[in-house]
Amino acid sequence: ISLLCTRVVHHCSALAAADFRVFVPILVDSGQHRKDQTIEKLNTIYKKKIRGYRDPSLLVVSGTELVLWDLLKLSTTMTWLMRLGQLEINLQPPSRDDCDSEGD
């Protein structure tokens, strides 16, 4: 699996948004995420992909696993968050009123 993950990282520009969601846990399970060159390559390619997404849901789907597993560098995370803002994704937490009304 380790060799396969290394190959996928080198060609991850071809991964669709949903494929990132599937690939990231496999990458972490293999331990390949601990290699500096893997993180460099993944961040370089993903930062380019971020700019190409026009559909907000694709941006969320592709980036969530990367963020949750802490695989994005600060600059890539900032680019991802700024792009979410540009695509007008609501990043505000629910208001207290919204939370209270769910229990009704």
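Let's start with Thr-79, which is buried, with a relative accessible area of 15%. The structure around Thr-79 is a predicted model, and the protein in question has 6 helices and 0 strands. Thr-79 itself sits in helix α5, a stretch that spans residues 74-86. Below is a friendly tour, beginning with this helix and moving on to the core, the pairings between side chains and the overall picture.

**Helix α5: two threonines and a surface patch**

- Thr-79 counts as buried because its relative accessible area, 15%, falls under the 20% cut-off.
- Once neighbours within four places in sequence are set aside, Thr-79 is in contact with Lys-47 and Ile-50.
- One of these partners, Lys-47, lies 32 residues away from Thr-79 along the chain, and the two C-alpha atoms are separated by 7.0 Å.
- Thr-76 is another residue of helix α5, and it is buried as well, at 1% relative accessibility.
- Leaving out neighbours up to four places away, Thr-76 is in contact with Asn-43, Tyr-46, Lys-47 and Ile-50.
- Lys-47 and Ile-50 thus appear among the contacts of Thr-76 and also among those of Thr-79.
- Leu-74, also in helix α5, offers a contrast: this residue is exposed, with a relative accessible area of 65%.
- Leu-74 belongs in the exposed class because 65% is over the 50% cut-off.
- Together with Met-78 and Leu-81, Leu-74 forms a nonpolar patch on the surface, and the accessible area of the three adds up to about 290 Å².

**The largest nonpolar core**

- The largest nonpolar core holds 23 residues, and the members that touch the most others are Phe-20, Leu-27, Leu-42, Tyr-46, Leu-59, Leu-66 and Leu-71.
- At least two residues of this core come from each of α1 (2-10), α2 (17-30), α3 (36-52), α4 (56-68) and α5.
- Helix α2 gives the most to the core, with 6 residues.
- Leu-59, one of the members touching the most others, has contacts with Tyr-46, Ile-50, Tyr-53, Trp-80, Arg-83, Leu-84 and Leu-87, not counting residues up to four places away in sequence.
- Tyr-46 therefore shows up twice in these contact lists, as a partner of Leu-59 and as a partner of Thr-76, with contact meaning heavy atoms within 4.5 Å.

**Val-24 in helix α2**

- Val-24 has its place in helix α2, and at 0% relative accessibility it counts as buried.
- Not counting residues up to four places away, Val-24 touches Glu-65, Leu-66, Trp-69 and Leu-71.
- Two of those partners, Leu-66 and Leu-71, are among the core members that touch the most others.
- The C-alpha atoms of Val-24 and Ser-62 are separated by 9.6 Å, with their positions 38 residues apart along the chain.

**An aromatic pair and a salt bridge**

- The count of aromatic pairs comes to 1.
- This pair joins Phe-20 and Tyr-46 in an edge-to-face arrangement, at 5.3 Å centre to centre and with 65° between the planes.
- The pair links distant parts of the chain, with Phe-20 in helix α2 and Tyr-46 in helix α3, 26 residues apart.
- Phe-20 and Tyr-46 are both buried.
- The count of salt bridges also comes to 1.
- In this salt bridge the side chains of Lys-73 and Glu-40 meet at 2.1 Å, N to O.
- Here too distant parts of the chain are linked: Lys-73 is in the loop between α4 and α5, Glu-40 is in helix α3, and the two are 33 residues apart.
- Lys-73 is partly exposed at 33% relative accessibility, and Glu-40 is likewise partly exposed, at 38%.

**The protein as a whole**

- Read along the sequence, the helices follow the pattern α-α-α-α-α-α.
- The protein has 104 residues, of which 35% count as buried.
- About 6,800 Å² of the protein is exposed, and carbon and sulfur atoms supply 55% of that area.
- Among contacts between residues at least 6 apart in sequence, 70% join residues at least 24 apart.

Definitions and conventions:
Residues are numbered from 1 along each chain as its sequence is written. This is a predicted model: local features need pLDDT of at least 70, side-chain atom pairs count only at pLDDT 80 or more; totals for chains, interfaces and linings use all residues. Side-chain values use heavy atoms; hydrogens and water are left out. Patches are made of residues with over 30% relative accessible area and no salt bridge: like charges are joined within 9 Å, nonpolar side chains (Val, Leu, Ile, Met, Phe, Trp, Tyr) within 5 Å. Accessible areas come from the Shrake-Rupley method with a 1.4 Å probe; for residues, only the protein chains shown count as cover. A salt bridge is a side-chain nitrogen of Lys or Arg within 4 Å of a carboxyl oxygen of Asp or Glu. Helices (H or I, at least four residues) and strands (E, at least two) are DSSP runs, numbered from the N terminus. Buried means under 20% relative accessible area, exposed over 50%, partly exposed in between (1.4 Å probe, protein chains only). A nonpolar core is a set of buried Ala, Val, Leu, Ile, Met, Phe, Trp, Tyr and Cys residues joined through side-chain atoms within 4.5 Å. Rings of Phe, Tyr and Trp (its six-membered ring) pair if their centres lie within 6.5 Å; planes under 30 degrees apart count as stacked, over 60 as edge-to-face and the rest as tilted.
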